[in-house]
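Subject: Structure handover

Hello,

Here is the structure we talked about. Please open it and keep it on screen while you read the notes below.

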Amino acid sequence: MEHSDYPPDMRRLIDRIAPAWPALLDVGPGWYPLLARLDARLSSIAPRYILQQCKSKFGSLSFYASPSDDPSDYNEEFNGTIRAAEWESIETCEECGAPGAQYVIHLWVSTLCPEHHKARIAAVDGDPR
């Protein structure tokens, strides 16, 4: 996905990604509001924070960031805010943002609402519903 294909609040997040990392948010659009809230909170704690990676891993948000470009900089509030968003993600549909649950579909863990769970199963199993 190109930078300009993302919504404006996600482009601001991508602009924080460290130069050595791909400019990519590897999550579904249902988590974009969660990421926008996370970015706002982290920006208030550490205005120049750096993002290394943002992805879905085992149906949960994995958000790797640092409060600054100083590798020794540690901030418990910053890290706790990330952990809270990661926990929120396991109850939020990756596709639409509705309440969801984690499902294993063909060895892949996803967090989905009931509607998107059915659609994912149908897509994986080749059912055109």
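The notes below go through the sheet, the hairpin, the helices, a few single residues and the largest pocket. Please keep in mind that this is a predicted model.

**The three-stranded sheet**

Start with the open sheet. It has three strands in the order 1-2-3, and the pairing is mixed. Strand 1 (25-26) and strand 3 are the edge strands. Each has a single partner strand, so one side of each has no neighbour in the sheet. A word of background may help here. Strands of a sheet pair through backbone hydrogen bonds, either parallel or antiparallel.

Now look at strand 2 and strand 3. They run antiparallel, and seven bridges join them. You can check one pair yourself: glutamine 53 has tyrosine 64 in strand 3 as its bridge partner.

The loop between strand 2 (50-57) and strand 3 (60-66) holds phenylalanine 58. Its phi is near 55°, which is positive in a residue other than glycine. Is phenylalanine 58 buried or exposed? Phenylalanine 58 is exposed, at 64% relative accessible area.

**The hairpin**

Next, go to strand 4 (residues 101-105) and strand 5 (residues 108-112). These strands are antiparallel, with five bridges between them. Two pairs are easy to find. Isoleucine 105 has tryptophan 108 in strand 5 as its bridge partner. Tyrosine 103 stands opposite serine 110, also in strand 5.

Which residues sit at the turn? Two residues lie between the strands of this hairpin, and histidine 106 has a positive phi near 50°. Leucine 107 is in the loop between strand 4 and strand 5 too. Phi of leucine 107 is near 70°, again a positive value in a residue other than glycine. Leucine 107 is exposed, with a relative accessible area of 81%.

Alanine 101 belongs to strand 4. It is partly exposed, at 31% relative accessible area. Try a distance here. From alanine 101 to serine 89 is 9.4 Å, C-alpha to C-alpha, and the two are twelve residues apart in sequence.

**The helices**

Helix 2 (residues 32-45) comes first. It has 14 residues. From its first C-alpha to its last it reaches 20 Å, close to the 20 Å expected at 1.5 Å a residue. Which residues of helix 2 are buried? They are Tyr32, Leu34, Leu35, Leu38, Asp39, Leu42 and Ile45. Look down the axis of helix 2: the buried residues fall within an arc of 145°, so they line one face of the helix.

The general rule is worth learning. An α-helix has 3.6 residues a turn, so residues three or four places apart point the same way.

Helix 3 (76-89) can be read in a similar manner. It also has 14 residues, and it reaches 20 Å from first C-alpha to last, close to the expected 20 Å. Its buried residues are Phe78, Asn79, Thr81, Ile82, Ala85 and Ser89. Down the axis of helix 3, these fall within an arc of 155°, so they line one face. What does the face turned away from the buried side carry? It carries the exposed residues Glu77 and Trp87.

Isoleucine 90 lies in the loop between helix 3 and strand 4. At 22% relative accessibility, isoleucine 90 counts as partly exposed. The cut-off matters for this one, because buried means under 20%. Isoleucine 90 and leucine 13 are 77 residues apart along the chain, and their C-alpha atoms are separated by 21 Å.

**The largest pocket**

Last, the pocket. Rolling a probe the size of a water molecule over the atoms shows where empty space is left. The largest pocket holds about 150 Å³ of space.

Which residues line the largest pocket? The lining is made up of Asp26, Val27, Gly28, Pro29, Ser56, Glu94, Glu95, Trp108, Val109, Ser110 and Arg120. By kind, four are nonpolar, three are polar and four are charged. Strand 5 gives the most to this lining, with three residues. Two of the lining residues have come up already: Trp108 and Ser110. In the hairpin, tryptophan 108 is the bridge partner of isoleucine 105, and serine 110 stands opposite tyrosine 103.

Those are the notes. Write back with any questions.

Best wishes

Note on methods
Residues are numbered from 1 along each chain as its sequence is written. This is a predicted model: local features need pLDDT of at least 70, side-chain atom pairs count only at pLDDT 80 or more; totals for chains, interfaces and linings use all residues. Side-chain values use heavy atoms; hydrogens and water are left out. Two strands pair if DSSP finds at least two bridges between them. Helices (H or I, at least four residues) and strands (E, at least two) are DSSP runs, numbered from the N terminus. On a 1 Å grid over the protein atoms alone, a cavity is a set of points where a 1.4 Å probe fits but cannot get out, and a pocket is an open set with protein on both sides within 12 Å along at least five of seven lines; lining residues have an atom within 4 Å of a point. Grid points are joined across faces, edges and corners, and a volume is the space filled by probe spheres set on the points. Ala, Val, Leu, Ile, Met, Phe, Trp, Tyr, Cys and Pro count as nonpolar, Asp, Glu, Lys and Arg as charged, and the others, Gly among them, as polar. The expected span of a helix is 1.5 Å times one less than its number of residues. Buried means under 20% relative accessible area, exposed over 50%, partly exposed in between (1.4 Å probe, protein chains only). The arc is that of the directions from the helix axis to the C-beta atoms.
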